[in-house]
Amino acid sequence: MSDIPKADELFKSIDYNPPATGWMDTPVDFSPGHWCYPAKPEKIAYMDTKLPGLWGEPREWLPSDSDWKLPPNWKETVVNGFRERLKKFRSLQLFMDICVRCGACADKCHYFIGSGDPKNMPVLRAELMRSVYRGEFTLAGKILSKFTGSRVMEEHVLKEWFIYFYQCTQCRRCSLFCPYGIDTAEMTMMARELMHLVGLNTNWIMEPVSNCNITGNHLGIQPHAFKDIVDFMVDDIEEVTGRRVKAPLNEKGHEILFITPSGDVFADPGIYTFMGYLLLFDYLDLDYTMSTYASEGGNFGSFTNNEVMKKLNAKMYAEAERLGCKWILGGECGHMWRVVHQYMDTMTGDTQWSGMTTPKSPITGTVFDNAAATKMLHITEFTADLIKHNKLKLDPSRNDHLRVTFHDSCNPARGMGLLEEPRYVLKHVCNNFFEMPPATIREQTFCCAGGSGLNTDEIMEIRLRGGLPRGNALRYVQEKHGVNLMACICAIDRATLIPLADYWAPGVTISGTHELVANALVLEEGEVRTMDMRQEPLPGFEDEEDDWTPPSKEDA
Amino acid sequence: MNALYSLLFVFLLVLIPLFGVDAAHMRTFFGVCIPTTAFIIFIIGFVYKVVTWGRSAVPFRIPTTGGQFKSFDPELFKQNKLDCPQTGAQTFFRMVLEVFAFRSLFRNTAVSLHEGKDYPVVAYKSSKWLWLFAITFHYSFFIIALRHLRLFLEPIPFIPVGALEFVDGILQIGAPVMYLSDLGLVAGVLLLMGRRLINAKINYISYVSDFFPLFLILSVALSGIYMRYFAKVDIIAIKELTMGLVTFHYVVPETITVSFFVHVFLVSVLMAYFPFSKLMHMPGVFLSPTRNLPNDSRAKHHVNPWNDPNIKAHAYADYEKQFGVPMAEAGLPLDNPENGVPKDKAEA
């Protein structure tokens, strides 16, 4: 991160005054740092064998090259694909027609707030596409192109799309404020679908997509290695709690199939959240299994096109059928829950096996009618219900060294409406809870600036700029309330918020919600813990290993 | 520049009926042919566009949720029924507020950056100006349009037309009595236009097609005001003409003066322009999938008309074939034990 300016320098560099040249005449910066690496050709070639015709020609290319090696008929492909999608998605057709450019969305985008680049105003991001719509498909746009802001599809237009539709995290904050509900996420999804058709893609999305298809998880962890990692975590849990927990994998005949994003299995601090799930389920003696085949809750397909989204999602019901599970419990994840909540049943609901039932907590007997169609329950709904029925013995004072705030992930907030359940859980497992300012939480929450497949280091400056609104709100509660931990319910957040916090609010750590649940969970009467799930000593037990610094703190 | 173009266009538009009626004496053309044609273009264009939208599929239910959803325990976690509707009725009320109160616009905030004492500060404050300008403009326009029904109906119904006129002129200023809606429309247009000119961000995203409707509506309003308050046109004669338009008994009385023809021409341009422009946000707002759908796709099955049943998951059987050996070594259960036998052993 050496070439990235310091936080206050970057802050001072933000200028909301638009450039002197009109946006169609302002050149786009294609230098490194402004784009994610294109996909490795073998990943595209593999996906083309699975879902042919959606990926263009696999090839080596770089956005900084002048020749992107587009297929000769690329223009026809994109324009025809555009026309086809106008009929398949009313959202797209309508959002192309009805924007009045009132600008209500302009300063709602985290990338605009942190960069001042006018093409990051949602209205202008969408105009990149709308201008082509008018120029190619409407009478007024064809005749009066200059006056109506219209243009036809050209190579430089497509290249501009590649830069700016990979600077949108599909967080939908703009759509909340739009008087017509115009949702930039819809347009970003469509633009990405069209770009895929001619082989414009990013590796950080396509490698996980192909991994998810082959191994079941985005990191490409093979089943035996997956089991090894889970076993390590079982050891770690024993180290912390003295309890040897079960971690069933691929077992048939259990009531519940548990699926969480695989980031939780692999990366710090997600692993502590994962350990939290395992501990909780063991404490409850829950009749469940996990699966290595369906070991990815997150759906990287949703960052590419609706076909892959469906293909990857279909694993969940397929595995529930194979293992004979009655319903699915889902872990903490953002876009996974957008897909589960708003797409899953419509896409693959007809493949549910006959034994699936509306989720019913075996502990409390609560029937979750709000998941009657999908048969899939969010872990914070499950846990909130347990707490409400007093089924968990909790000692929130074990989290007293933490002063906690909560980051609403974009998708559960604006694509689901899951706002209270995680807060309810957090307030029962820790005593010090503080909200960030109202304009930055709940339905108005700000993105971590790494969602929708942008969680990659080559665009770190863009991510940090986009992280300003969240980072600054965090800094505010850090200064005001001494907040030192931001909890979240998203695996991408657990990866992206760390550099964000280090940059904008140094000293704040990031955790999942169920890590804090695990800390507070009293396994048996009189249980004493000397350390938290990270194996860091709890207050009063520091002297045991005074000279030892946890690995996660060494760089700080 | 884009604003100047628009202003120039509207000037030219005003000149057309001025010359056409005064110099060329094309009174029937401007009094009957133009408005009738414009009305037909408006209706056909409007319906065509809405039908185009209607024929486009709605594959998924994608409401933007603006509050707590209906939880498993609605008492513990109270649902925000208006911003996160779960049923048709709740969605209907969300739409009513959206259409009649511009609820989403009412949320508007403005962001600003500050060099704080110890650290930089990103601040958000409520910003309702755009909402105020928009609501003033749209309601004034709506009331004026309703008031004009008196020209096309005989007898004139008290509700809504007579009542509206009474309330609209309640201040009893001037003769003829000044209508508040006239004032509101002009003020609304000027404020929206001013915002578009002065706010650098908004100016940057404005085309000719953003300024033109504002200038056009302003010219419609001003020509109407001129007719009523200054030229004091022969309203009886005008009603004869307008009733003729709707009953297909076309007459153009001699006492109608040119200001009327200018007004009607500008209104005709507005009608003919409407279906091809951003003004179609008026019907569009009713169809927006992020607003007009309930947030219930986890509880209720919906059908995507183009769902492709051929897209299937990567089969578990293939997965086990590929990874069966290490899976068996790691002690993971297999559906087909043969998959767990290493290749070389199987062959031996």
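**Exercise 1. State how far apart the centres of the two domains of chain B lie, and where those domains run in the sequence.**

Solution. Taken over C-alpha atoms, the centres of domain 1 of chain B and domain 2 of chain B are separated by 71 Å. As for the bounds, domain 1 of chain B is made of two stretches, 2-102 and 135-287, while domain 2 of chain B covers 316-347. When working through these exercises, keep in mind that the model is predicted.

**Exercise 2. Describe the overall build of chain A, and decide whether its radius of gyration is close to or far from the value of the globule rule.**

Solution. Begin with the secondary structure: chain A contains 24 helices and seven strands. The radius of gyration of chain A is 24 Å, and the globule rule gives 24 Å for 556 residues, so chain A is as compact as a globular protein of that length. Next, consider the box that the C-alpha atoms of chain A fill along the principal axes, which is roughly 80 × 55 × 40 Å. To judge burial, count a residue as buried if 20 or more other C-beta atoms lie within 10 Å of its own; by this test, 61% of the 556 residues in chain A are buried. Finally, among the contacts in chain A between residues at least 6 apart in sequence, 75% join residues that are at least 24 apart.

**Exercise 3. Divide chain A into its domains, and describe the side of domain 1 that touches domain 3.**

Solution. First, the division gives domain 1 (7-30 + 56-200), domain 2 (218-388) and domain 3 (396-541) of chain A. The centres of domain 1 and domain 3 of chain A, taken over C-alpha atoms, lie 32 Å apart, and 15 residues of domain 1 are in contact with 20 residues of domain 3. On the domain 1 side, helix H1 (7-12), helix H5 (110-115) and helix H10 (173-177) of chain A each supply at least two residues, and the largest share, five residues, comes from H5(A). Sorted by class, the residues on this side of domain 1 of chain A are seven nonpolar, six polar and two charged.

**Exercise 4. Give the strand order of the two open sheets in chain A, and name a helix that packs on or lies across each.**

Solution. Take the sheet of three strands, whose order is S5-S6-S7 (chain A) with parallel pairing. Its edge strands, each pairing on one side only, are S5 (404-407) and S7 (509-512) of chain A, and the twist averages 35° from one strand to the next. Helix H24 (513-520) of chain A packs on this sheet by touching S6 and S7, and its direction makes about 80° with that of S7(A). Between S6 (485-488) and S7 of chain A there are four bridges, and Met486(A) has Ile510(A) as its bridge partner in S7(A).

Now turn to the sheet of four strands, which has the order S2-S1-S3-S4 (chain A), also with parallel pairing. Two bridges join S1 (256-259) to S2 of chain A, where Ile256(A) is partnered by Tyr288(A). Helix H16(A) lies across S1, S2 and S3 (327-330) of chain A, running at about 145° to S1(A).

**Exercise 5. Find how many residues each chain brings to the contact between chain A and chain B, and which helix of chain A gives the most.**

Solution. Chain A brings 96 residues to the contact and chain B brings 83 residues. On the side of chain A, helix H16 (306-323) gives the most, with eight residues. That side divides by class into 44 nonpolar, 23 polar and 29 charged residues.

Technical notes:
Residues numbered from 1 in each chain as written. Chains lettered and ligands numbered in written order. Predicted model: local features only at pLDDT ≥ 70, side-chain atom pairs only at ≥ 80, totals over all residues. Pairing = 2+ DSSP bridges. Axes fitted to C-alpha atoms, helices over the stretch in contact; angles between N-to-C directions. Contact = placed C-beta atoms within 7 Å. Nonpolar A, V, L, I, M, F, W, Y, C, P; charged D, E, K, R; others polar. Domains from an automatic or database assignment. Rg over C-alpha atoms; globule rule 2.2 N^0.38 Å. Buried ≥ 20, exposed ≤ 12 C-beta atoms within 10 Å, placed from the backbone.
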